[in-house]
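Please open the structure in your viewer and keep the selection tool at hand. The tour proceeds by selections, each followed by an account of what is there.

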Amino acid sequence: MQQAKRVATNTGFLYARMAITVFISLYSTRLVLAALGATDFGIFNVVAGAIAMLTFLNAAMTSATQRFMSYAEGKGDFNAQVGIFNVSILLHLVIGFAVVLLLEVSAIYLFNGVLEIPDNRMYAAKVIFHCMVASTFFKIISVPYDAVINAHENMLLVAILSIIEALIKFGIAIYITYTTFDTLIIYGFLMAAMAVLLLIIRRIYCHKKYKEVQINIKKHYDKKLFNEMGSFAGWSFLGSSSSILANYGQGIVLNMFFGPRVNASQGIANQISGQLGSFSTTMLSALNPAIAKNEGAGNRSSMLKMTAMGSKVSFFLLTIMCIAVLLEMPYILGLWLKDVPGYAVIFCRLLIIRNLIEQITIPISTSIRAVGNIRGFQISSAILNTFPLLVAYILFSKGYPPYMMYYVFIGYALINMVIILWYAKKHTGLNIPNFSKNVILRCLCTFSGALIISYLPLQFLEESFLRLIIILILSVIITLFLFNYVGFNKEERIWIKNLAKSFYSKFKPNIK
């Protein structure tokens, strides 16, 4: 019960953050698109799309380090935590220099024949790229600090930093709207500077707050631990980096065949997908440390139950927000943006469908990492990640439209789900038939039912703000009803009720 209360508290902090940041971020994107224009916005997304790519890499590497931190905390071993932190610092310095070298070498090829960028914007594109490389290094060497924050489940700090970040982005968006300088260069430079500033704040906080954050690599260096963490981080990096390259490569392949204006549509799709996904990833941010701690404490059955519940709840949280968006996408984009880029609507819809498929297995991947035997899992993921871009390239060469890439990645998500479930059975003892029946089938039935019922108003009402509100309210009510009586079983409904009570009792004094 105490664990449920802690998860509820952390989730509350993160959702309070999200309530503030989502609308700020969406309006900031509107300002940025208007200030840059479709072409420059597309250039930023294909070149400085490294921001999103490296943010994902940072999260993946943080998760790998956090696994060791949370595992040691679950065992109650303080000395191990200090050693893990120092080894992690050394490890990420090595990784940071390697990634910077790799990115700078890749720039030679990207800007000489690969990317389709107008000649008069080539200099700006190169400046942005080098700014991102610099911020990347700082992101990587700050991974140990992010891991400490997550291992301690300090979601209040995470929430505060996210709000500060959203406000800075809003300030940047306003500034480039009125600046007389090159808006693309200024935007890229300020975004990189913001990343460095936030990471410095994290590091200062951790050194003052947490006892295990003490740097003395010579004293705390452990060769065996370094090899163990290096192996884990290396295999994790293989899977994560190949996934990142596959996703970042979408922009490059689209740019090669269709130019930067299509990249603007892709940027809009990523923004919508990211904001919708925050409703579910917020909950997972609070849940992931608890999964690793249960494994560290030797409580495998509790870890698997928590994993299955996490799969359902994260899918539910994404579903409750995305159904109305899927149905009313053309109207929403027209309401949000002054000028909607071509293909933005279909890109957004297909990307949301892919995210729904992947959402079910995200907690399963966390459970595999918590056990620690990830070599085969990451090799399989890396091999699979190479195929979607290759298939998309072949299709584009034969004249297929740009949205075919998203269909390819939906197929990839389905195949990847099968692979994740197989490795979960092998390493954690997951019962696949039970998981398929109790999680996948229930989620599919609930989503399908909610989508069909929410679609009905489109047959009787004209496109308008009133219709959007009606569909939004209807979809939320239907989704809540179906998940309660179809998505969750009796035991899970009791767990959710207890979680709600814990959440209420925690925040009741503040409400008063």
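The stops below run from the whole chain to helix pairs and then to single residues.

**Before selecting anything**

This is a predicted model, in which local features need pLDDT of at least 70 and side-chain atom pairs count only at pLDDT 80 or more, whereas totals for chains, interfaces and linings use all residues. Residues are numbered from 1 along each chain as its sequence is written, and side-chain values use heavy atoms, with hydrogens and water left out.

**The whole protein**

Begin with the cartoon, which shows 20 helices and 0 strands; these elements are DSSP runs numbered from the N terminus, H or I of at least four residues for helices and E of at least two for strands. Of the 512 residues, 55% count as buried, where buried means under 20% relative accessible area, exposed over 50% and partly exposed in between, with a 1.4 Å probe and protein chains only. Switch to the surface, and about 22700 Å² is exposed, 66% of it supplied by carbon and sulfur atoms; the areas come from the Shrake-Rupley method with a 1.4 Å probe, and for residues only the protein chains shown count as cover. Among contacts (heavy atoms within 4.5 Å) between residues at least 6 apart in sequence, 84% join residues at least 24 apart.

**The nonpolar cores**

Next select Phe111, Ile272, Leu333, Ile352, Ile360, Met405 and Phe435, the residues with the most contacts inside the largest nonpolar core, which has 122 residues. Such a core is a set of buried Ala, Val, Leu, Ile, Met, Phe, Trp, Tyr and Cys residues joined through side-chain atoms within 4.5 Å. Helix α11 (residues 300-327) gives the most to this core, with 14 residues. A second, separate core of 7 residues includes Ile291, Leu304, Ala370 and Val371.

Ala370 and Val371 also appear among the buried residues of α14, so colour that helix next. Helix α14 spans residues 362-371, and 9 of its 10 residues are buried. Gly372 follows α14 and has a positive phi, near 105°.

**Helices α11 and α13**

Select α11 together with α13: their axes come within 10 Å and cross at roughly 165°, axes being lines fitted to C-alpha atoms, for helices over the stretch in contact, with angles from 0 to 180 degrees between N-to-C directions. That crossing makes α11 roughly antiparallel to α13, since angles over 145 degrees count as roughly antiparallel, under 35 as roughly parallel, 65 to 115 as roughly perpendicular and the rest as oblique. On the α11 side the contact includes Phe315, Leu318, Thr319 and Cys322, and on the α13 side Ile352 and Leu356 are among the residues involved.

Now centre on Leu356, which is found in helix α13 (residues 344-359). Is Leu356 buried or exposed? At 5% relative accessibility, Leu356 counts as buried. Leaving aside residues up to four places away in sequence, Leu356 touches Phe315, Leu318, Thr319, Cys322 and Phe447. The C-alpha atoms of Leu356 and Phe447 are separated by 9.6 Å, although the two residues are 91 apart along the chain. Ile352, with the same sequence neighbours left aside, touches Ile272, Leu276, Cys322, Val325, Leu326 and Met329.

**Helix α7 and its partners**

Move to α7 (residues 183-209) and add helix α4 (residues 122-141), whose axis comes within 9 Å of that of α7 and crosses at roughly 5°. That makes α4 roughly parallel to α7. Their contact includes Val127 and Phe138 of α4 and Phe189 and Leu199 of α7.

Then replace α4 with α6, which packs against α7 at an angle of about 160° with the axes 10 Å apart; α6 and α7 are therefore roughly antiparallel to each other. This contact includes Leu161 of α6 and Arg202 of α7. Arg202 is buried, with a relative accessible area of 19%, and beyond residues up to four places away in sequence touches Asp146, Ile149 and Leu161.

In the loop between α6 (155-178) and α7, select Thr179, which counts as buried at 14% relative accessibility. The C-alpha atoms of Thr179 and Ala35 are separated by 9.6 Å, with their positions 144 residues apart along the chain.

**Last stop: Arg467**

Finish in helix α19 (residues 465-487), the place of Arg467. Arg467 is buried, with a relative accessible area of 9%, and its contacts, apart from neighbours within four places in sequence, are Glu328, Pro457, Leu458, Leu461 and Glu462.
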